[in-house]
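These are my notebook entries on a structure that I am reading from the beginning. I record what I looked up, one topic at a time.

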Amino acid sequence: MYLFIPETVYFEPEALDYPLGAKLYEYFFKKDIPIYKTTSHNRVTGIKGDSEVEKYLHSKRTLVVGVKKTMKLEPCRPSADYSFSLTTGCPAHCEYCYLQTTMGKRPYIRIYVNLDQILGTIQKYIQKNFPQKTTFEAASSSDPIAVEHFTGSIAKTIEFFANQQQGRLRIVTKFDNIDSLTKINHQGHTRFRFSINSNYVIKNFEHSTPSIEQRIQAAKKIAQAEYPLGFIIAPIMIYDGWEQEYTNMFNQLKHNIDFYSKDNLTFELIQHRYTQSAKRIILERFPKTKLEMDDQSRSKKWGKYGKYKYVYPADKSDDIKQYISILIKERFPNSIIEYFT
């Protein structure tokens with residue numbers, strides 16, 4: 001099991017006024033991890049490194065504990081109605097990740113300790129939309145499972161949603177740190193989705209993450225705990241031998257979770273894409289990357305944030321969709337493919 005431990009921790013002053021903030025301070029103090037105070041995460045200093053690569057690597061080992069100020073929730077289609085953040089950033093080093101651009105020069109991990117206030121905001125959104133169900137994504141700007149072993153925030157959030165008649169929680173993760181969540185009385189109100197991919201993609205682009213075998217074993221534990229379960233296959237890439245590698249991945253998945261009898265197993269399929277700003281940052285941080293980012297071999301797709309995404313041309317995109325969909329339906333005929341994008 002991969003457990004992230006930061007090398008440096010910063011605390012915003014208000015964070016220590018909350019139980020989680022005090023708990024984290026004691027936790028890192030006992031581990032003899034250097035602790036500093038900062039007036040704001042925007043004023044974090046001491047990020048070491050002479051190059052972009054060195055600064056990025058050091059930032060990824062830095063944690064900032066603070067208070068979430070903005071309580072307005074943003075729409076999160078097609079995953080959920082809204083997204084919320086218990087954390088921002090991720091200790092994984094996935095070369096293609098959109099957080100490379102959205103977090104810019106500050107790719108460090110942030111933890112928000114005002115959990116009750118965040119859950120109170122979610123409660124208001126549920127009540128506003130009642131009696132309709134409202135779904136919430138907890139991992140659109142982070143992978144909160146990666147820090148769950150010292151926050152416990154996801155466990156409390158699952159318990160909160162278990163008591164919501166018309167509120168549903170969705171979590172996606174690459175990490176296998178889920179043992180503490182398997183005994184929670186979740187009432188089926190939380191759907192876990194595991195981000196999985198071929199060995200080639202994980203080996204070359206998803207650094208500091210659990211292997212495909214570890215992720216599938218974690219998914220098996222979640223299935224045994226009777227959570228609603230799903231998988232995100234992202235980003236799907238075309239490379240020499242991609243068809244066989246994805247076939248092997250789905251065979252391995254079926255072998256391990258074939259016992260899962262629920263008819264609501266879900267799959268979300270996302271092809272590899274990038275923006276020009278992402279490409280620039282990726283090449284700065286991973287100068288030897290094997291990511292295929294040839295603009296001439298891609299098609300432009302207008303994004304909702306006012307930037308072009310470079311995706312596979314229609315014929316290749318259709319090949320991906322058809323091939324992966326067949327692999328899924330042959331092995332999990334009662335499953336639901338929620339979308340392909």
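**Entry 1: A pair of strands**

I began with strand β1, residues 8-11, and found that β1 pairs with β2 in the parallel sense over three bridges. The model I am reading is predicted. Within this pair, I noted that F11 stands opposite K37 in β2.

I then looked for a helix beside these strands. Helix α1, residues 19-30, packs on the sheet. I listed its strand partners as β1, β2, β3 (62-66) and β8 (109-112), and I read an angle of about 150° between the direction of α1 and that of β1.

**Entry 2: The five-stranded sheet**

In what order do the five strands of this open sheet lie? I wrote down β2-β1-β3-β8-β6, and the pairing is mixed. The edge strands are β2 (35-37) and β6 (87-88), each of which pairs on one side only.

**Entry 3: The eight-stranded sheet**

I turned next to an open sheet of eight strands, also with mixed pairing. I recorded its order as β4-β5-β9-β10-β11-β13-β14-β17. At its edges I found β4 (74-76) and β17 (336-340), each pairing on one side only. Direction ignored, neighbouring strands of this sheet are turned by 30° against each other on average.

I examined one pair within this sheet. Strand β10 (residues 167-173) and strand β11 (residues 190-196) pair in the parallel sense, over five bridges. Here R170 stands opposite R191 in β11.

Which helix packs on the sheet and touches β9, β10 and β11? I identified helix α6, residues 153-162, whose direction makes about 150° with that of β10. The strand β9 that α6 touches covers 134-137. I also noted helix α8 (residues 212-224), which lies across β11 and β13 (229-236) and runs at about 165° to β11.

**Entry 4: The residue H272**

I closed with a single residue. H272 is found in the loop between β14 (266-271) and α10 (276-285).

Is H272 buried or exposed? Its relative accessibility is 2%. Buried means under 20%, so H272 counts as buried.

I then asked what surrounds H272. Leaving aside neighbours within four places in sequence, I found H272 in contact with Y96, P235, I236, M237, L291, E292, M293, R298, Y310, V311 and Y312. With one of these, R298, I recorded a polar contact from side chain to side chain at 2.9 Å.

Methods
Residues are numbered from 1 along each chain as its sequence is written. This is a predicted model: local features need pLDDT of at least 70, side-chain atom pairs count only at pLDDT 80 or more; totals for chains, interfaces and linings use all residues. Side-chain values use heavy atoms; hydrogens and water are left out. Two strands pair if DSSP finds at least two bridges between them. Helices (H or I, at least four residues) and strands (E, at least two) are DSSP runs, numbered from the N terminus. Contact means heavy atoms within 4.5 Å. Axes are lines fitted to C-alpha atoms, for helices over the stretch in contact, and angles run from 0 to 180 degrees between N-to-C directions. Buried means under 20% relative accessible area, exposed over 50%, partly exposed in between (1.4 Å probe, protein chains only). A polar contact is a pair of N or O atoms within 3.5 Å; within protein, one must be able to donate a hydrogen and the other to accept it, and residues adjacent in sequence count only if both atoms are side-chain atoms.
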